[in-house]
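Here are some exercises to work through with the model open beside you. Try each task before reading its solution.

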Amino acid sequence: MSAVREFESICAKLESDKLKERAEGVSRFRDFLALKRNVNAVTNSSHSWLQTLQLLFSIVIKERNASLLKRSTTADKRLDDAAQLVRVLVEKVHRVVSRKTAKAIVAHLTQTSAVQGKLQAYALTYMKALRTVLAYPPHVEHLDERQWTDIVTLSFSAILGDKIKIGQD
């Protein structure tokens, strides 16, 4: 199977409403990303990494909501796996994504790291992904004042143990 077809198959699994299929998609996607030639094949196709990242962002949000509703080790594991997958994908594609995609990554990572003023269990994973994006100078140059404020607020609030207020004045 070609890398692009395999990628499309994985995305179909990730879009599933069934937990088992989505978990299989996460596992297969992690294996898929392990091979550089797969990432290159998808990058060179007409596919947009923004769509894939948005799909993964929605999975993290679904798993976070499920984890908040029903505290279980299985739900927490699925949430951690989804967050780790976001980080792995960001690490693989941060140099080839557009400014719009980089801004979407930064926005998601900063805005969802805390819920109701508290850091989430996956916040460290997200901060590592944020560090990856911010380590690439072209993406840093395009951040606006609001994004910088959110990043600094998140960082200092986490360090000082304060309530985290992202996106607020």
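**Exercise 1. Work out whether Asp150 is buried, partly exposed or exposed, then do likewise for its salt-bridge partner.**

Step 1. This is a predicted model, so keep that in mind throughout. Asp150 has a relative accessibility of 4%. Buried means under 20%, so Asp150 counts as buried.

Step 2. Now find the partner. Asp150 pairs with Arg146 in a salt bridge, and their closest N and O atoms sit 3.6 Å apart.

Step 3. Check where the two residues are. Both belong to helix H9, and they are 4 residues apart, about one turn of the helix.

Step 4. Look at the accessibility of Arg146. Its relative accessible area is 33%, so Arg146 is partly exposed. That gives a pair with a buried Asp150 and a partly exposed Arg146.

**Exercise 2. Stay on helix H9 and find which residues form a nonpolar patch with Trp148 on the surface.**

Step 1. Place Trp148 first: it's in helix H9, which covers residues 145-160.

Step 2. Get its exposure. With a relative accessible area of 36%, Trp148 is partly exposed. A patch residue needs over 30%, so Trp148 clears that cut-off.

Step 3. Pick out the companions. Val152, Phe156, Ile159 and Leu160 join Trp148 in the patch, and together the five have about 540 Å² of accessible area.

**Exercise 3. Describe how helices H2 and H4 cross, and find a salt bridge that ties them together.**

Step 1. Start with the helix axes. H2 (residues 19-33) and H4 (residues 49-69) have axes that come within 13 Å and cross at roughly 130 degrees.

Step 2. Classify that angle. It makes H2 oblique to H4. As for handedness, the crossing is left-handed.

Step 3. Look for a charged pair between the two helices. Side chains of opposite charge can pair when their charged atoms come close. Here, Arg22 and Glu63 form a salt bridge, at 3.1 Å from N to O. Arg22 is in H2 and Glu63 is in H4, so the pair ties together parts 41 residues apart in sequence.

Step 4. Ask about burial and further partners. Arg22 and Glu63 are both buried. They also belong to a network of salt bridges that includes Arg78.

**Exercise 4. Find which residue forms a salt bridge with Glu24, and say what the pair ties together.**

Step 1. The structure holds 8 salt bridges. In one of them, Glu24 pairs with Lys13, with the closest N and O atoms 3.5 Å apart.

Step 2. Assign the helices. Glu24 lies in H2 and Lys13 in H1 (residues 3-14), so this bridge ties together parts that are 11 residues apart in sequence.

Step 3. Check the exposure of Glu24. Its relative accessibility is 36%, so Glu24 counts as partly exposed.

**Exercise 5. For Lys103 and Arg37, give the helix, the exposure and one C-alpha distance each.**

Step 1. Lys103 sits in helix H6 (residues 99-111). At 26% relative accessibility, Lys103 is partly exposed.

Step 2. Now go to Leu143. Lys103 and Leu143 are 40 residues apart along the chain, and 7.0 Å separates their C-alpha atoms.

Step 3. Arg37 belongs to helix H3 (residues 36-44). With 61% relative accessibility, Arg37 counts as exposed.

Step 4. Finish with Lys62. Arg37 and Lys62 are 25 residues apart along the chain, with 30 Å between their C-alpha atoms.

Methods: Residues numbered from 1 in each chain as written. Predicted model: local features only at pLDDT ≥ 70, side-chain atom pairs only at ≥ 80, totals over all residues. Heavy atoms only, no water. Patch = residues over 30% accessible without salt bridge, like charges linked within 9 Å, V, L, I, M, F, W, Y side chains within 5 Å. Areas by Shrake-Rupley, 256 points an atom, 1.4 Å probe, with all protein chains shown as cover. Salt bridge = Lys/Arg side-chain N within 4 Å of Asp/Glu carboxyl O. Buried < 20%, exposed > 50% of the residue type's maximum accessible area, 1.4 Å probe, protein only. Axes fitted to C-alpha atoms, helices over the stretch in contact; angles between N-to-C directions. Parallel < 35°, antiparallel > 145°, perpendicular 65-115°, else oblique. Left-handed = near helix turned anticlockwise from the far one by under 90°.
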